[in-house]
Amino acid sequence: MADALSLIPAAVQRNLSDKLYEKRKYAALEIENTVKNLASAGDHEKLSKVIDILVKEFAKSPQPNHRKGGVLALAAVTVGLSSAAPQYLEQIVPPVIDSFLDQDSRVRYYACEALYNIAKIVRGEFIFFFNQIFDALCKLSADSDPSVQSAAHVLDGLVKDIVTESDEFSVEEFIPLLKERMNVLNPFVRRFLVEWITVLDSVPDFDMLGFLPDFLDGLFNMLSDSSHEIRQHAVSALSEFLQEIKNSPSVDYGRMAQILVQRASSPDEFTRLTAITWINEFVKLGGDQLVRYYADILGAILPCISDKNEEIREVARETNEELRSIHVEPSDGFDVGAILSVAKRQLSSDHEATRIEALNWTSALLNKHRAEVMCFLYDIFDTLLKALSDSSDDVVLLVLEVHAGIAKDPQHFRHLIVFLIHNFRSDSSLLERRGALIIRRLCVLLDAERVYRELSTILEGEDNLDFASTMVQALNLILLTSSELSKLRNILRGSLVNREGKELLVALYASWCHSPMAIISLCLLSQAYQHASVVIQSLVEEDMNVKFFVQLDKLIRLLETPIFTYLRLQLLEPGRYPWLLKTLYGLLMLLPQQSGAFRILQTRLKTVPTYSFSGGGDQISRAFSGVPFSQYMMHHHEDGDAEDYNINSSHQGINFAARLQQFENVQNQHRGQARSKENYSNSTSSSSTSKEVRTSKEQQPPSLTSLSLAENNRPPARSSRKGSGHH
């Protein structure tokens, strides 16, 4: 070591470690001259020893001033070596790079200056150390000392120039280093990285686009940076890459699509907009290449359709339509099940627009790929049923269209109706709020008669009698009022003269028995007036409750609507329709005289012309004489005699006596259930007070008053029926 130290004069060594910069600089110049002489003499051994001394005794010295002088001296050695410098770079450059991490900021500063001078001399040979230099510069870009930052920035500019001129630079080796640092949050580091990406991308020979998936996520991260400058740099870089993608014949859309999908849900609005804009371009440019990513893309698009930002909403809608218009098959890798899963998940969205588009996708898949959708039906069916309770009418209507598409298959049709009734049973508010909308729409989509027959069949065996009654009343009101069911009403009006009407009447009758007023309405609609009158007479005191009178009031008011115009016109001929008149008077007798419905019906009946009774006196007297229905039917058909209507051969022979028995049996079940509930309620309320009463009364005999009260509290006996219809 002593021999090596003798190569550098002692005065030079002292000045090289002096605290004054000028002395260190002077010493560095002396070393430069020494190195020039050795290089001219070709004494490589001594040159190597000089460099080794400068590294060990100075650049790596514990003393800061030694280290400052050391890095300056290494730069001076490089200058002195000139063209011969590249062969000594492995000795010179690493210790200078290590000095970038020195605790002393001045050492770091001089290290930047030294490396700058080294780079100017060796130029392209510098690339061998690029990754280490890049790593060091990345750290220095965020240095706490502004002067160090400034020096690093100057050095960085030179390194960029060298790299862009070099044929030896390897982007492939550089990308892992870049990717590793892309998620750093420091704004200085971010600016440093974006600048490098931009510079390298500007060089035609460097394929940065091919490596874009490796650092794209990092660029998107920068879009939400607090620094406006960083955001602008990121936007500029992304815009340039997107333009390159549009002009490139080969792009790896898949990997980038996965990144964009994640960024589309970013809490930052501008990041979401940029991501959805990129997705939009990807779908347009490389739609076929993205087939296996469709579900992920759709999962990103649907929430954005309801974004609070209008621009995001517009781009998302456009992308959604573009994606749906692409024609692909499962054989192409199109995953129907994955798309359905996304649509199912988005049906739980808080936003109506998103739920609507999820349903549009389900409907589109059902139309294009029915067989595949049916394979996943049980994965989505419950969710679709729950959607019938959605707060939006538009969503409910779309759900019904999807259900109608599914229900084209008979087994799924019954499944739908069963689950629909189940939903109505478990959620009474659904029936109240949406019952009419759902039933009417299903009648349009699936044929009204088919829907009503299936509903009736299921309700006929319903165990929950209260629900059955409520459901039937709702169905009956829809039948009587909805324009969508006009064809069904026309069929029922011909129940006494054609088989189709008769079969429909019988099919509905079984479930309509759950509601007396529904049965009476059905009879009036079917022009089975005599049977309606008999049903009215079969009613007993227990049937006359608040619900009954509410339904009766609705019926009376419905009789004044256009739907029952034919019935009101028939009142012009009471001689030919005696049972109609008797039915209406029967309803009038049930109504409280002070009610509005009573006054409406009474006013209507007062308009019946008396002159039209002529010629029909005998028939009318029989109709109002109280002859039992079963006896009357042995000699006459409904609504006039056979000679007048010539229906003897076409009448379908409806066994109204059996129908009446069916009605009475169902109503007896309702009454029995009502009594059971009342008894249970009474026993429950009585047990709560029995202990209090027992103490004072258990020793006393029952009084006359208590016996009288008990007698009065007994359920009334069923009153005997009068007139026709008694069996």
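This is a walk through a predicted, all-helical model, from its overall make-up to single residues.

The model is predicted: local features need pLDDT of at least 70, side-chain atom pairs count only at pLDDT 80 or more, and totals for chains, interfaces and linings use all residues. Residues are numbered from 1 along each chain as its sequence is written, and side-chain values use heavy atoms, with hydrogens and water left out.

Start with the whole chain. It has 39 helices and 0 strands. Both are DSSP runs, numbered from the N terminus: helices are H or I with at least four residues, strands are E with at least two. Of the 727 residues, 51% count as buried. Buried means under 20% relative accessible area, exposed means over 50%, and partly exposed lies in between (1.4 Å probe, protein chains only). The accessible surface of the chain comes to about 33900 Å². Carbon and sulfur atoms hold 49% of that surface. These areas come from the Shrake-Rupley method with a 1.4 Å probe; for residues, only the protein chains shown count as cover.

Next, the contacts. A contact means heavy atoms within 4.5 Å. Take the contacts with a separation of 6 or more: residues 24 or more positions apart account for 73% of them.

One stretch carries an annotation. UniProt, in an unreviewed entry, places the feature "repeat: HEAT" at residues 92-127. UniProt positions are given here in the numbering used for the model, feature names are shortened, and annotations may be inferred rather than shown by experiment. In the model, residues 92-127 are 69% helix and 0% strand. The end C-alpha atoms of this stretch are 14 Å apart.

Two residues stand out for their backbone angles. S82 has a positive phi of about 55°, although it is not a glycine. It lies in the loop between α5 (64-81) and α6 (89-98). S82 is partly exposed, at 41% relative accessibility. R123 also has a positive phi, near 50°, and is likewise a residue other than glycine. R123 is found in the loop between α7 (105-122) and α8. Its relative accessible area is 29%, so R123 is partly exposed.

Now turn to the charged pairs. The whole structure holds 37 salt bridges. A salt bridge is a side-chain nitrogen of Lys or Arg within 4 Å of a carboxyl oxygen of Asp or Glu. One of them joins K139 and D135, at 3.5 Å from N to O. Both residues sit in helix α8 (residues 130-140), and they are separated by about one helical turn because they are 4 residues apart. K139 is partly exposed, at 44% relative accessibility. D135 is buried, at 18%. The pair does not stand alone: D135, K139, E180 and R181 are linked in a network of salt bridges.

Helix α25 (residues 448-460) holds a further pair, R453 and E449. Their closest N and O atoms are 3.0 Å apart. These two residues are also 4 apart, so about one helical turn separates them. R453 is partly exposed, at 27% relative accessibility, while E449 is buried, at 16%.

A third bridge spans a stretch of sequence. R675 and E542 bring their closest N and O atoms to 2.8 Å. R675 lies in helix α38 (residues 656-697), and E542 lies in the loop between α30 (529-538) and α31 (546-558), so the pair ties together parts that are 133 residues apart in sequence. Both ends are partly exposed: R675 at 31% relative accessibility and E542 at 27%.

Last, look at the packing around α34 (residues 596-606). Here A597, F598, L601 and L605 are buried. Seen down the helix axis, the buried residues of α34 fall within an arc of 100°, so they line one face of the helix. The arc is that of the directions from the helix axis to the C-beta atoms. These buried residues pack against α31 and α33 (578-590).

Helix α33 has 13 residues and reaches 19 Å from its first C-alpha to its last. That is close to the 18 Å expected at 1.5 Å a residue; the expected span is 1.5 Å times one less than the number of residues. Of its 13 residues, 11 are buried, so α33 is largely enclosed by the rest of the structure. Among them are W579, K582, T583 and G586, along with several leucines, including L580 and L581.
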